[in-house]
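Biologist: Could you walk me through this one? I have the sequence and the coordinates open, and I'd like to go through the odd spots in the backbone before we talk about packing.

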Amino acid sequence: MKHLVLAMLLMSVCVSAKTPKLNITLKHDSAGEQKRKEQIERLAEKYDLAKYTITRDIVIDQQAANHSSPVLTQNLRFLDNDDRALSAYVHEQAHWLLMEHHRGQAREMLPELIRLYPNIDIKPPYGDGRQGSSYMHLVVLMLEWHALEDLLGDARARAVMEFKRQDHYKELYATVMVHRQEMESFLQRYGVKW
């Protein structure tokens, strides 16, 4: 009987995925950066982020804007809100997903996105100021939304998306939210998913 219980425990451990160990570096080793590191590690323990972790190398830099490349970098924004902090994590990982698995498709996706949504205002805070990256953000935002729904559920995911729609990339978040069905079809055509 003991062997059966042990075997079942081992099987459950082997079957369930777990967030891989993250390599987190602090740029300034400040108290805020340490808090962000603790927050990310806590979220990685609470949620199974294996599917949403493309790169394990993360820099916390209190003076930087969040960005994905060359190293995924997170700032101190959303220290007081785990759902929004999680969204920042999966957002930057979504960029990595596109870089690692769909790099060649961007040339095909971009003109189609511009044709689908020709009048998007790309000036900050509505976009990022550049046409190509603003339009490709539509794909990133859909991936972000999918991840949040999976991790937090529909209502909490929508609350994060609604907040961001009023905060930054306003036109991009609005486009994704208003045209969700069309964006879902777009992602399916290109095989873009976590």
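Biologist: Where does proline 70 lie?

Modeller: Proline 70 sits in the loop between β2, residues 57–60, and β3, and please keep in mind throughout that this is a predicted model.

Biologist: And the peptide bond from serine 69 to proline 70, cis or trans?

Modeller: That bond, running from serine 69 to proline 70, is cis in the model, with omega near 5°. The peptide bond from proline 124 to proline 125 is cis as well, with omega near 5°, and proline 125 belongs to the loop between α4 (106–116) and α5 (131–152).

Biologist: OK, on to phi. What is the phi of phenylalanine 78?

Modeller: Phenylalanine 78 has a positive phi of about 70°, although it is not a glycine, and its place is in the loop between β3 and α3.

Biologist: Is phenylalanine 78 buried or exposed, then?

Modeller: Its relative accessibility is 9%, and because buried means under 20%, phenylalanine 78 counts as buried.

Biologist: What about tyrosine 169, what's its phi?

Modeller: Tyrosine 169, which is likewise not a glycine, has a positive phi near 50°. This residue is found in the loop between α6 (154–167) and α7 (170–178), and at 19% relative accessibility tyrosine 169 counts as buried, since the cut-off is under 20%.

Biologist: Back to the loop between β3 and α3: which residues does asparagine 75 contact, leaving aside its neighbours within four places in sequence?

Modeller: Asparagine 75, which lies in that loop between β3 (72–74) and α3, is in contact with Arg36, Asp61, Ala64, Ala65 and Asn66 once those sequence neighbours are set aside. With a relative accessibility of 13%, asparagine 75 also counts as buried.

Biologist: Now packing. At what angle do α2 and α3 pack?

Modeller: Helix α2, residues 31–46, and helix α3, residues 82–101, pack at an angle of about 85°, and their axes are 11 Å apart. That angle makes α2 roughly perpendicular to α3, because 65 to 115 degrees counts as such.

Biologist: Which residues make the contact?

Modeller: From α2 the contact is made by Arg36, Gln39, Ile40, Arg42 and Leu43, while α3 contributes Asp82, Ala85, Leu86 and Tyr89. Sorted by class, this contact of α2 with α3 has five nonpolar residues, one polar residue and three charged residues.

Biologist: Arg36 came up before, didn't we have that with asparagine 75?

Modeller: We did: Arg36 is one of the residues in contact with asparagine 75, and Arg36 is also among the α2 residues that make the contact with α3.

Definitions and conventions: Residues are numbered from 1 along each chain as its sequence is written. This is a predicted model: local features need pLDDT of at least 70, side-chain atom pairs count only at pLDDT 80 or more; totals for chains, interfaces and linings use all residues. Side-chain values use heavy atoms; hydrogens and water are left out. Axes are lines fitted to C-alpha atoms, for helices over the stretch in contact, and angles run from 0 to 180 degrees between N-to-C directions. Helices (H or I, at least four residues) and strands (E, at least two) are DSSP runs, numbered from the N terminus. Angles under 35 degrees count as roughly parallel, over 145 as roughly antiparallel, 65 to 115 as roughly perpendicular and the rest as oblique. Contact means heavy atoms within 4.5 Å. Ala, Val, Leu, Ile, Met, Phe, Trp, Tyr, Cys and Pro count as nonpolar, Asp, Glu, Lys and Arg as charged, and the others, Gly among them, as polar. Buried means under 20% relative accessible area, exposed over 50%, partly exposed in between (1.4 Å probe, protein chains only).
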